Amino acid sequence: MDELREAAKRALPPVEGEIRVPGLLEPVEVIRDRWGVPHIYAETLDDLFLAQGFVVASERLFQLDAALRLANGRLATMFGELVVSMDRFARTVGWNRAGARIAAHHDEPSRRISLAYRAGVRAWLDVMTAKPAEYVVLNLEPDVPDDEGYWTSAAVLMAWGLSGNWDDELLRAEIADRLGWDAMLDLFPDLPSEAPSVVAGSRPYPPALDLLRDSPRMPAGQGSNNWVVAGSRSATGKPLLANDPHLAIQMPSIWFEVHLSAPGYEASGVALPFSPGVVIGRTAHHAWGFTNVGGDTQDLYVERLSEDGRAALYEGEWEPLTVQREEILVRGRDRPEVLEVRETRHGPLLDSYLVGRTNPVVVEGGIHETYSLRWTGYEHAVQPSAVLRMAGAGSFEEFREAVRTWECPGQNVVYADVEGTIGYQCTGLYPMRRKGDGTLPVPGWTQEFDWDGFIGFEELPWNVDPDEGFLATANNKVHGDAYPHLIGRDFLPPFRARRIVELLTATERHTRETFSAIQLDTVSLSAREIARHLVQTEPSSDRQKEAIAHLQDWDGDQAADSIAACIYQAWTKHIARQVLLPRMGPDLYAHYYGRRDGSNGFLFQTLPTLLSNPTARWFGANGRGARDDVLRRALDDAIEELAGRLGDDMDAWRWGAVHRAVFAGPLALIPDLAELFTGGVVEAGGDEQTICQGGFEPDHSYDVAVLPSWRQIVDLSDSDAAVGVHTTGQSGHPASAHWNDLIPLWAQGRHHPLAFTRQAVNAGAEATLTLAPR
């Protein structure tokens with residue numbers, strides 16, 4: 001460990017003095033503040049983005065390398081056999097092929113800034129004197145190919161995590177087959193009331209559980225908040241804008257804070273390690289923030305394959321499958337693992353990543369049926385040059401044009417400028433389906449369910465300067481029932497958005513401080529409502545009576561120190577186990593509730609209805625008596641669990657004691673290295689439906705899985721008045737002072753200043769580095 005700590009120190013990049021950097025045309029100045037945030041000043045755009053790539057690589061090389069390998073199905077070159085299944089999945093769904101396809105259609109500005117950024121990363125590798133500690137542990141060398149498609153695959157992977165419902169379709173299909181359509185409607189109340197005849201007659205879907213079991217489990221409940229108020233609602237008379245994207249917890253943070261300045265471009269905010277420019281942030285003129293739309297851009301097709309598996313039926317004809325040969329290099333093996341991915345006109349067949357068993361079900365005449373996936377993100381993403389146009393916009397109209405190319409993943413963008421304009425634009429490409437609503441797999445052998453292009457940009461929801469004086473989104477449905485198009489049916493519940501509006505309208509004139517209080521709010525409107533049902537349960541013991549008493553008159557505030565929130569979360573988890581597990585079995589239960597967005601749906605959409613109208617299907621008998629028996633058993637289980645973890649004294653229980661944010665890097669999984677690669681552990685409040693996001697995987701752990709990854713508040717009255725904070729620290733080096741120095745600020749709900757003017761930057765400077773041409 002001592003040797004490893006020394007290796008981590010040797011890997012620290014220089015932050016003062018001068019470095020000769022290959023590829024630069026003119027000197028570049030990098031000024032870091034006390035938080036390690038670089039303010040980069042260059043004479044040309046090429047030098048600016050080269051310097052950005054250089055600085056990011058110097059702080060986040062291992063994170064960058066690992067993300068690129070993951071996106072390209074090459075993670076096994078780093079971690080060996082442990083992650084072969086992940087690479088097999090990545091190559092099957094084709095993030096690498098999509099990256100190459102999309103990069104081939106980048107516009108010239110995108111190619112130019114991406115080339116400069118990659119050159120900066122290579123330049124750091126050229127001058128680096130010691131590799132990061134992770135490479136020492138793994139006895140590995142950095143491997144960052146200079147290929148635009150390879151890098152674009154990382155954007156494809158991020159879009160995948162923010163734009164999909166393919167696994168929801170599989171889950172619904174499996175539940176419909178196992179439990180019946182009526183039970184499925186109980187669990188997914190927004191679906192059509194009549195079962196579609198997906199396969200001729202009433203034959204069931206092909207089996208879906210193997211596909212779910214072998215797919216990577218994405219964290220549940222990813223979302224975000226953003227809102228903006230006009231000057232009429234702010235204390236300064238100018239707009240205020242807030243944004244906190246909710247993403248999976250990780251160490252280091254997914255975001256890298258940076259201020260970039262060169263003739264033709266200046267922006268400050270956060271960037272992604274694999275992409276040039278500022279993604280979320282502001283200029284001297286305007287600011288913007290994102291939340292995920294959650295629109296449906298993925299469809300599963302039930303494909304009918306010929307007996308030899310080489311052709312798919314379409315409109316009465318057999319169309320040959322396209323076969324993609326993928327060679328997966330595995331560390332420790334002499335030969336690559338060869339994967340043959342078969343594709344129909346709709347996309348790849350998902351059963352390609354299954355190992356040791358075949359998935360297709362055989363129907364009449366030797367025909368097999370299995371699933372293929374169509375996804376907008378296979379051909380559309382975000383042009384890297386969008387960051388130039390967003391920063392360069394001189395009005396909301398120009399900003400709308402700038403985000404037109406933000407095609408996948410679709411985002412809800414809020415905007416504010418110094419002239420006082422506030423606006424909102426929904427972005428993304430959402431398919432126009434001939435038939436069906438995207439919630440369940442559909443026949444692939446007919447053109448009836450094909451796509452006819454996408455909803456036009458001008459027809460997507462947008463707004464500017466509303467009479468109410470504010471705009472807010474929180475992954476909720478962004479249009480009314482009269483809207484003529486189908487963007488999707490899997491929006492997150494509206495509770496966060498309602499709470500934001502409730503707090504915005506409760507204050508006449510907002511300030512940075514009131515916005516900060518909103519970002520930290522842990523009141524759950526849905527928990528408040530569900531608790532009203534639960535307290536009606538007649539207790540059968542003193543311990544039950546004591547627990548229920550804590551929920552009486554509870555306002556739904558899931559603060560970290562809340563006893564009621566602790567009892568509520570444990571009780572509702574065990575209700576789900578009592579109600580769902582006996583009927584679903586462990587595998588299906590895990591995918592519906594235990595580690596999925598289904599925990600959201602069950603708790604906030606399904607459970608209130610089940611409690612109000614208890615039926616034998618879920619409680620064993622009709623009526624309140626059977627329901628209350630289940631609720632009492634679940635409460636006993638919850639009390640036993642919490643007593644085992646927190647002690648018998650119920651007054652000493654608190655939500656944050658079991659609901660922690662653990663900031664740990666990938667190598668912290670190795671017990672002896674946990675201390676070195678863990679940035680910190682903090683108690684957290686909230687859950688999936690509080691403004692201060694604290695989503696978790698309920699049957700796996702109460703620990704936070706999804707959190708506010710970046711909190712920004714921009715005051716358009718003063719270029720230097722903005723504040724922000726991401727989760728961990730600027731550096732990916734465990735020996736750095738900026739490895740975890742932001743964790744206390746983030747945990748306490750504090751921000752740090754975001755200096756923008758040169759005067760403010762100079763005043764806050766702690767280190768200055770000159771990058772000189774070589």
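This passage walks through some helices, loops and backbone features of a predicted model.

A good place to begin is helix α2, which covers residues 45-71. This helix has 27 residues, yet its end C-alpha atoms are only 27 Å apart. A straight helix would reach 39 Å at 1.5 Å a residue, and α2 falls short of that. The backbone offers a feature to look at here: α2 has a kink of about 95 degrees, centred on arginine 60. The helix is also mostly covered, with 23 of its 27 residues buried. Just after α2 comes glycine 73, where phi is positive at about 65 degrees.

Two pairs of helices are worth following by eye. The first pair is α14 (residues 495-506) and α16 (residues 525-534), whose axes come within 8 Å and cross at roughly 110 degrees. That crossing makes α14 roughly perpendicular to α16, because angles of 65 to 115 degrees are counted in that class. On the α14 side, the contact involves Phe495, Arg498, Arg499 and Glu502. These residues meet Leu525, Ser526 and Arg528 in α16. Sorted by class, the residues of this contact are two nonpolar, one polar and four charged.

The second pair is α17 (residues 542-551) and α22 (residues 624-646). Their axes come within 10 Å and cross at roughly 85 degrees, and the two helices are therefore roughly perpendicular to each other. From α17, the contact draws on Arg543, Gln544, Ala547 and Ile548. From α22, the partners are Arg632, Leu635, Asp636, Ile639 and Ala643. By class, five residues of the contact between α17 and α22 are nonpolar, one is polar and three are charged.

The loops can be explored next, starting with the one between β23 (470-473) and α14, where histidine 479 has its place. Is histidine 479 buried or exposed? With a relative accessible area of 16%, histidine 479 counts as buried, because the cut-off for buried is under 20%. Once its neighbours within four places in sequence are left aside, histidine 479 is in contact with Pro461, His485, Ile487 and Phe491. Asparagine 475 is found in the loop between β23 and α14 as well. At 4% relative accessibility, asparagine 475 counts as buried. Its backbone deserves a glance too: asparagine 475 has a positive phi of about 65 degrees, although it is not a glycine.

Aspartate 465 brings up the topic of phi again. This residue sits in the loop between β22 (462-464) and β23, and its phi is positive, at about 45 degrees, even though aspartate 465 is not a glycine. Its relative accessibility is 41%, so aspartate 465 counts as partly exposed. As general background, most residues other than glycine have a negative phi, and most peptide bonds are trans.

That background leads on to two peptide bonds that are cis. One runs from methionine 251 to proline 252, with omega near 0 degrees. Proline 252 lies in the loop between β5 (240-248) and β6. A cis peptide bond also joins cysteine 408 and proline 409, with omega at about 10 degrees. The loop holding proline 409 is the one between α13 (396-402) and β17 (411-417).

Another proline, proline 263, can be found in the loop between β6 (256-262) and β7 (265-271). Proline 263 has a relative accessible area of 53% and is exposed, since exposed means over 50%. Which residues does proline 263 contact when its neighbours within four places in sequence are left aside? They are Ala42, Glu43, Thr44 and Leu45. Distance in space can also be set beside distance along the chain. Proline 263 and leucine 64 are 199 residues apart along the chain, and their C-alpha atoms are separated by 28 Å.

A further loop position is aspartate 147, between α7 (133-138) and α8 (148-163). With a relative accessible area of 41%, aspartate 147 is partly exposed. In sequence, aspartate 147 and tyrosine 371 are 224 residues apart, while in space they are 31 Å apart, C-alpha to C-alpha.

Conventions: Residues are numbered from 1 along each chain as its sequence is written. This is a predicted model: local features need pLDDT of at least 70, side-chain atom pairs count only at pLDDT 80 or more; totals for chains, interfaces and linings use all residues. Side-chain values use heavy atoms; hydrogens and water are left out. Axes are lines fitted to C-alpha atoms, for helices over the stretch in contact, and angles run from 0 to 180 degrees between N-to-C directions. Helices (H or I, at least four residues) and strands (E, at least two) are DSSP runs, numbered from the N terminus. Angles under 35 degrees count as roughly parallel, over 145 as roughly antiparallel, 65 to 115 as roughly perpendicular and the rest as oblique. Contact means heavy atoms within 4.5 Å. Ala, Val, Leu, Ile, Met, Phe, Trp, Tyr, Cys and Pro count as nonpolar, Asp, Glu, Lys and Arg as charged, and the others, Gly among them, as polar. The expected span of a helix is 1.5 Å times one less than its number of residues. The bend at a residue is the angle between axes fitted to the seven residues ending there and the seven starting there. Buried means under 20% relative accessible area, exposed over 50%, partly exposed in between (1.4 Å probe, protein chains only).
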